[in-house]
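Hi everyone, and thanks for coming. I'd like to walk you through a protein that most of you haven't seen yet, so please have a look at the screen.

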Amino acid sequence: MKILPQETASSADMGAVEILDCTLRDGSYSVDFQFTEETITSVLAGLEKSGIRLVELGHGLGLNAAEALSKPTLVSDERCFALAAGTLTTADWGMFCIPGIAAPDHLRRAAAAGMRFVRVGVDITDVAPAEDFVGLAKELGLTVFANLMKTNLLDAPGVVGAVQQCVKYGADGVYLVDSVGGYLPPETGELFRQVAQWTDVPLGFHGHDNLGLANANALAAAYGGAAYIDTTLDGIGRGAGNAVTESFATILRSLGAGQRYDYRGLGRLSEAAVRPLPRLHDDRTYQLVGGLSQTHSSFFPLITRCAEAQEVDIFELMVAVADVERARPTEELVMQTAAGLGRG
């Protein structure tokens with residue numbers, strides 16, 4: 001089954017836009033992966049009732065992450081399968097899958113449990129690990145998206161090349177991912193316009209809110225040609241969080257699109273099921289400097305440790321490291337950069 005958007009915005013500049021809600025996946029970071037069965041079930045039911053047709057759940061880092069990375073969840077992957085299959089009747093559910101964290105058998109088990117789509121996450125600088133998982137997902141009859149994490153590391157021609165490679169692998173759609181929350185709406189829209197010229201498969205956008213622009217970037221992506229937009233209830237997610245489901249549904253309504261979405265129901269669901277949850281909160285300055293310097297939050301602990309060891313300003317070091325290497329800064333590089341700041 002191929003899942004394609006069906007709602008069309010009234011604006012001549014915007015095509016069909018489908019919300020994919022990942023509250024129960026990306027949002028799990030904000031609760032240290034401790035969603036309860038009660039929360040999972042209530043969010044699943046509420047999203048479906050409010051017109052959401054694509055729902056992602058599970059560990060923030062995808063299938064098998066709790067075991068592979070020793071970051072345990074309250075609810076196992078297998079139990080998530082059962083909850084989703086037993087709760088949803090009209091919406092399709094899917095999971096995230098990072099090659100190397102997940103193995104092919106994890107994908108097979110999820111498909112056997114009723115999963116309808118999968119999103120294969122790879123860094124945009126190396127999409128090759130997606131090939132086997134995309135192929136297997138197609139064999140299993142799943143709709144498969146390639147999620148190009150850290151899209152900001154490449155310029156538009158580089159992004160086009162990565163997208164085209166994933167299309168060759170057989171991906172039904174490709175997501176561009178603002179993993180650092182550093183894009184500005186004009187550049188987001190332009191990136192999607194450029195990439196859309198070179199592919200016929202639907203594009204998606206997943207944005208983070210470091211600079212408070214996740215919703216604006218989501219809208220710019222939609223005007224630029226994105227067919228899928230990731231959102232979470234109350235914007236919960238890794239670090240600064242994501243575009244907001246209830247807000248983005250309301251934005252679509254204001255444009256004369258998204259009539260299927262019950263934005264008021266989504267607001268009530270957010271208020272009842274998500275806002276009361278105890279959450280982790282990243283330091284706001286880290287988020288802002290991370291967005292400005294386009295530094296991924298996974299490198300914050302390393303940069304902090306090296307800054308403290310060399311007694312230099314953490315955020316000056318973050319910017320300095322980003323000027324040298326944003327993709328995979330090593331501890332040696334960060335420490336050398338910190339030492340250079342200290343001598344300065």
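Let me start with a little quiz: is Glu271 buried, partly exposed or exposed? Glu271 is partly exposed, because its relative accessible area is 48%, and partly exposed covers the range between 20% and 50%. Its partner falls in that range too: Arg275 is partly exposed, at 45% relative accessibility. Glu271 and Arg275 form a salt bridge, with 3.8 Å between the closest N and O atoms.

Before going further, a word on what we're looking at. This is a predicted model. The mean pLDDT of the protein is 95, and 96% of its residues reach 70 or more. Please be careful with residues 1-10, though, where the pLDDT is below 50. That stretch does have 34 contacts in the model beyond near neighbours in sequence. Where pLDDT is low, the predicted coordinates should not be read in detail.

Back to salt bridges. The structure holds 18 of them. One is between Arg108 and Asp105, whose side chains meet at 2.7 Å, N to O. These two are three residues apart in helix H4, residues 104-112, so about one helical turn separates them. Both ends are partly exposed: Arg108 has a relative accessibility of 38%, and Asp105 has 44%.

Now compare that with Glu56 and Arg119. Their side chains also meet in a salt bridge, again at 2.7 Å, N to O. This pair links distant parts of the chain, since Glu56 sits in strand E2 (residues 54-57) and Arg119 in strand E4 (residues 117-123), 63 residues apart. Both Glu56 and Arg119 are buried. They also belong to a network of salt bridges with shared partners, which joins Arg25, Asp26, Glu56, Arg119 and Asp230.

Here's a residue I'd like you to find on the screen: Asp21, in strand E1, residues 18-24. Which side chain of opposite charge is nearest to Asp21? It is Arg119, but at 9.2 Å, and Asp21 is buried with no salt bridge. What Asp21 does have is a polar contact of 2.8 Å between its side chain and that of Thr23. Further along the sequence, Asp21 is in contact with several residues, including Leu47, Ile52, Glu56, Thr231 and Thr245.

Let's turn to the nonpolar interior. The largest nonpolar core has 80 residues, and those with the most contacts inside it are Ile40, Leu107, Val118, Leu148 and Val174. Helix H6, residues 156-169, gives the most to this core, with seven residues. If you zoom in on Val174, you'll find it touching Ala146, Leu148, Val163 and Cys166, among others. Apart from this core lies another, of 15 residues, among them Tyr286, Leu302, Ala307 and Val334.

Last stop: the backbone. Most residues other than glycine have a negative phi. Two residues here have a positive one: Asp32, with phi near 55°, and Asn64, with phi near 70°. Asp32 is in the loop between E1 and helix H1, while Asn64 lies in the loop between E2 and helix H2. Asp32 counts as partly exposed, at 42% relative accessibility, whereas Asn64 counts as buried, at 15%.

That's the tour. Thanks for listening, and I'm happy to take questions!

Key. Residues numbered from 1 in each chain as written. Heavy atoms only, no water. Helix = DSSP H or I, 4+ residues; strand = E, 2+ residues; numbered from the N terminus. Buried < 20%, exposed > 50% of the residue type's maximum accessible area, 1.4 Å probe, protein only. Lys, Arg positive; Asp, Glu negative; His and termini not counted. Salt bridge = Lys/Arg side-chain N within 4 Å of Asp/Glu carboxyl O. Polar contact = N/O pair within 3.5 Å; in protein donor to acceptor, adjacent residues only side chain to side chain. Contact = heavy atoms within 4.5 Å. Core = buried A, V, L, I, M, F, W, Y, C linked by side-chain atoms within 4.5 Å. pLDDT = per-residue confidence, 0-100. Lists of a residue's contacts leave out its neighbours within four places in sequence.
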